[in-house]
There are 2 protein chains.
Amino acid sequence: MTQAKRKTVTRTGTTVEQMVRAIADMIVSGIMVPGERLDELSLAARFEVSRTPVREALRELGAMGLVGREPNRSAIVKTVEEAHLHAMFEAMAELEGICARLSATRMDADERHALEREHRASMQLVSAGVPEDYAAYNTEFHNRLYRGAHNDHLLELATQTRARLAPFRHAQFRLSGRLSKSYEEHDRIVTAILRADATAAGTAAYDHVSIVSDASTVFAAVRGG
Amino acid sequence: MTQAKRKTVTRTGTTVEQMVRAIADMIVSGIMVPGERLDELSLAARFEVSRTPVREALRELGAMGLVGREPNRSAIVKTVEEAHLHAMFEAMAELEGICARLSATRMDADERHALEREHRASMQLVSAGVPEDYAAYNTEFHNRLYRGAHNDHLLELATQTRARLAPFRHAQFRLSGRLSKSYEEHDRIVTAILRADATAAGTAAYDHVSIVSDASTVFAAVRGG
DNA sequence: CTATGGAAAACTGCATGCACTTTTATCATG
DNA sequence: CATGATAAAAGTGCATGCAGTTTTCCATAG
């Protein structure tokens, strides 16, 4: 019974997958700082497994771009330096623009209704003013846009890029006034999509991300050095 | 000396990396067919290593999206089903469009000259009519576009998507007339970029990929079943 | 007090082995 | 002849161990 340790009940997947998720979370949530070393032995101890699954997890995280790896050297949390950060936000803006543009013409009735309903409901979150709650809604809003494009690969690219940007976008909703601004920007996107105005939707989404980018780079500069 | 076996001289990287490249090549070049099982023991024997590095390579290939993996089951060469194939080509077209659009305004003088020079030189390849040679040039042409956007993340997304599509684009240059058509399409893109006409460059690149998509899906249908 | 050399400690890369799961082959039964 | 049970074979998941590389640390020279 040494090597059976189903932590939770359901489809948590294999040990390695759990670790990938756990480590990715730690990186994305900022618990692990860029540049930090991820040595196999410590991680093995931490997760109470041997080095073999740790190595596989690191390999996968490397392929995901979250950690850097070179031969005979410890894996390190990837430093997303200023330049690349800007590149990622720009790419994100383009991707969101595409998704919104496609969503405008491709979303079916249910998707449109859901989008509108949830968006309206989010007004309450704005007045409540709890950044964490709004952040959670915001993620779902954007995912809805990605899915609405009805293109699995775009969904994958957008999700992946968003995950990598997460640590740098983390605190943006704490900035005063950002919450209601965000709502207004969402509103422009939603309205355009409901009108099936592809161009307007694309532009609105692009601008929305660009603004977030500006808000976040300040934060990144403070935090990343 | 059981475990030292530097195959070639230079920076081939670690054993695992070599294997990743080798297996990816086999998949991408069609030597391994979608659905084919990749069992660890056979691969280990084939590459004359133990199962450990094989497992890591498969893990990475899984993250790259080239092979499918589920617990306690052999990895299999991923079948890119019709639907997702279309999605990937569409995403590729969007990405190329963005890269070309950005290239039009961002390429520096050297990059523009190189683009023009290589493009002109490729005319010889067209008349020579060797599909393999033109395919190699073509890859470089597109990479030039991705790099010209001066955005590392877009470069990464485009490269990644292109790699996954490679198997389905493989035989397209064998289609009669495709070579010179490709050259003409490239010409439109190059001309627009040299004029710094972002919109035209974007559209031309988008159309170029869309055409390749049409040419390739036929092939994919035949090949993938 | 800073630079340098080198040995020890720490860590990675890979091989091997065992437990558990899936697949395949065998065979009895309707 | 098909069918379902079941045991053997094949294969995956992970632990452990050893060889080789990198990092750390401390003594010694400048």
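What follows is a chat about a predicted model, its DNA contacts, its chain pairing and a small sheet.

Biologist: Ground rules before I start?
Modeller: Residues are numbered from 1 along each chain as its sequence is written, and chains are lettered from A and ligands numbered from 1 in the order in which they are written. The model is predicted, with local features needing pLDDT of at least 70 and side-chain atom pairs counting only at pLDDT 80 or more, while totals for chains, interfaces and linings use all residues.

Biologist: How many residues surround DNA strand C, and which are the closest?
Modeller: There are 19, each with its C-beta atom, placed from the backbone, within 6 Å of the strand. The closest are A:D39, A:E40, B:T15, B:S50 and B:T52.

Biologist: Which element supplies the largest share there?
Modeller: α3(B), with 3 residues; helices here are DSSP runs of H or I, at least four residues, and strands are runs of E, at least two, numbered from the N terminus.

Biologist: Switching topic: how many residues of chain B are in contact with chain A?
Modeller: 22 residues of chain B are in contact with 22 of chain A, contact being C-beta atoms, placed from the backbone, within 7 Å.

Biologist: Which element of chain B gives the most to that side?
Modeller: α4(B) does, with 7 residues.

Biologist: And the sheet in chain B, what is the strand order?
Modeller: It is an open sheet of 3 antiparallel strands, β1-β3-β2, where pairing takes at least two DSSP bridges.

Biologist: Which strands are at the edge?
Modeller: β1 (37–38) and β2 (67–68) of chain B, each pairing on one side only.

Biologist: What stands opposite B:G68?
Modeller: B:I76, in β3(B).

Note on methods: Contact = placed C-beta atoms within 7 Å.
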